[in-house]
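Biologist: Could you walk me through this protein, one question at a time?

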Amino acid sequence: MTDTTPEKTPVTLLGLGTMGTALARAWLTAGHPVTVWNRTPSRAATLAGARVAKTPAEAVSANALIVACLLDDTSVEEVLTDTVLTGKDVVNLTTTTPAQARTRAKWAHERGARYLDGGIMAVPPMIGAPESGGYVLYSGSGPLFEQHRATLAVPAGTRYVGEDPGHAALHDVALLSAMYGMFAGAAHAFALLRKEDIDPTTFAPLLADWLTAMAPAVHQTADQLRTGDYTKGVVSTLAMQVAGTPTFLATARDQGVSPELLTPYFTLMHRRLTEATGGDEDLTVVIDLLLRPEPTA
């Protein structure tokens, strides 16, 4: 019989930190030939089957698909500067800003490469574990993404967010910003209980369920932003919620807890209410207060 099993795309991976090692292991487990390079070669010791390149140039020359998972944008430029990128497909999974991603895409194009930027929405233990729900946001060359979609989907799910190379990084930071906001709220909640005879492990399920119940509100926020109607479907108006803020601040004071995680948001709420005519808007209005005015020429 003739073996008709399709050959797995070879991958070159630059960077073997915790995330890079997890990516390499996932591709190797799936049967992809993997060439790796790292400043410290010993990092590859646990990657049975990987070819270890001595230099970035050797690693890049080995395959057409080049994946970078390095410390920062400066590291990407330093590592790739003395390599030949003509005809290569560069997938940059290094955490960067949207502006850096756009600049790096232009830099890669000038060197004859196609470019795809990625934002990893997962921690290393989630890589290679489809049931974990981890995924990678991609933006940049659509043809590159389509050609390598199956290979890129091996370590984690894929979500393509457009041709603008900066959009993956932007989505990444936006999602993580929301995460830190949630963590800040949870930290304040636990602090309120800290001095009381309340088991935090008993409170935690209540908090998780409450945050889960509130999460769908983002869909209404998105709809209001799209339509420009911040009074649509409002349940608790801005005026009502501002009226309730003294209770939160007084409770924090009584519990000996700093309100510093809450006050910036409350300040925006109060500011908008003083500017509004009726206060019948949703909290969506604070988003526009965060936008800085365009600089004048």
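What follows is a chat about the cores, rings and helices of this predicted model.

Biologist: Let's start inside. Which element gives the most residues to the largest nonpolar core?

Modeller: That core has 30 residues, and Leu-13, Val-36, Val-91 and Ile-127 have the most contacts inside it. Elements that give it two or more residues include the strands β1 (11-14), β2 (34-37) and β4 (65-68) and the helices α1 (18-29) and α5 (142-152). The one that gives the most, with 7 residues, is α1.

Biologist: How many residues are in the second core?

Modeller: This one is separate from the largest core. Among its members are Val-60, Val-76, Leu-85 and Ala-105. The count for this second core is 18 residues.

Biologist: Back to Val-91. Is it buried or exposed?

Modeller: Val-91 lies in strand β5 (residues 89-92). Leaving aside neighbours within four places in sequence, it is in contact with residues including Leu-65, Val-67, Leu-116, Tyr-138 and Leu-152. Its relative accessible area is 0%, and buried means under 20%, so Val-91 is buried.

Biologist: How far apart are the C-alpha atoms of Val-91 and Ser-139?

Modeller: Along the chain, these two are 48 residues apart. In space, the gap between their C-alpha atoms is 9.7 Å.

Biologist: Now the rings. Is the pair of Phe-145 and Tyr-160 stacked or edge-to-face?

Modeller: A pair of aromatic rings is described by the distance of the centres and the angle of the planes. For Phe-145 and Tyr-160, the centres are 5.0 Å apart and the planes are 20 degrees apart. Planes under 30 degrees apart count as stacked, so this pair is stacked.

Biologist: Which of those two residues is buried, and which is partly exposed?

Modeller: Phe-145 sits in helix α5 and Tyr-160 in strand β8 (residues 157-160), so they are worth checking one by one. Tyr-160 has a relative accessible area of 30%, so it falls between the 20% and 50% cut-offs. Phe-145 has 1%, which is under 20%. So Tyr-160 is the partly exposed one, and the buried one is Phe-145.

Biologist: Is the pair of Phe-248 and Phe-266 stacked or tilted?

Modeller: Phe-248 lies in helix α9 (residues 238-254) and Phe-266 in helix α10 (residues 263-275), so the pair ties together parts that are 18 residues apart in sequence. The ring centres are 5.9 Å apart, with 55 degrees between the planes. That angle is neither under 30 degrees nor over 60, so the pair is tilted.

Biologist: Which residue joins Phe-145 and Tyr-160 in a ring cluster?

Modeller: By the ring-pair rule, the count comes to 5 aromatic pairs. Ring pairs link Phe-145 and Tyr-160 into a cluster with Tyr-138.

Biologist: Which ring does the charged end of Arg-159 sit over?

Modeller: There's another arginine to look at too: Arg-104 lies over the face of Trp-107, at 4.8 Å from the ring centre. The charged end of Arg-159 is 3.9 Å from the centre of its ring, and that ring belongs to Tyr-135.

Biologist: Last one. At what angle do helix α6 and helix α7 pack?

Modeller: Helix α6 (residues 167-193) brings residues including Met-182, Ala-186 and Phe-190 to the contact, while α7 (residues 200-214) brings residues including Phe-203 and Leu-207. α6 passes α7 in a right-handed crossing. Their axes are 11 Å apart, and the packing angle is about 145 degrees.

Methods: Residues numbered from 1 in each chain as written. Predicted model: local features only at pLDDT ≥ 70, side-chain atom pairs only at ≥ 80, totals over all residues. Heavy atoms only, no water. Core = buried A, V, L, I, M, F, W, Y, C linked by side-chain atoms within 4.5 Å. Buried < 20%, exposed > 50% of the residue type's maximum accessible area, 1.4 Å probe, protein only. Helix = DSSP H or I, 4+ residues; strand = E, 2+ residues; numbered from the N terminus. Phe/Tyr/Trp six-rings, centres within 6.5 Å; stacked < 30°, edge-to-face > 60°. Lys NZ or Arg CZ within 6 Å of the ring centre and 35° of its normal. Axes fitted to C-alpha atoms, helices over the stretch in contact; angles between N-to-C directions. Left-handed = near helix turned anticlockwise from the far one by under 90°. Contact = heavy atoms within 4.5 Å.
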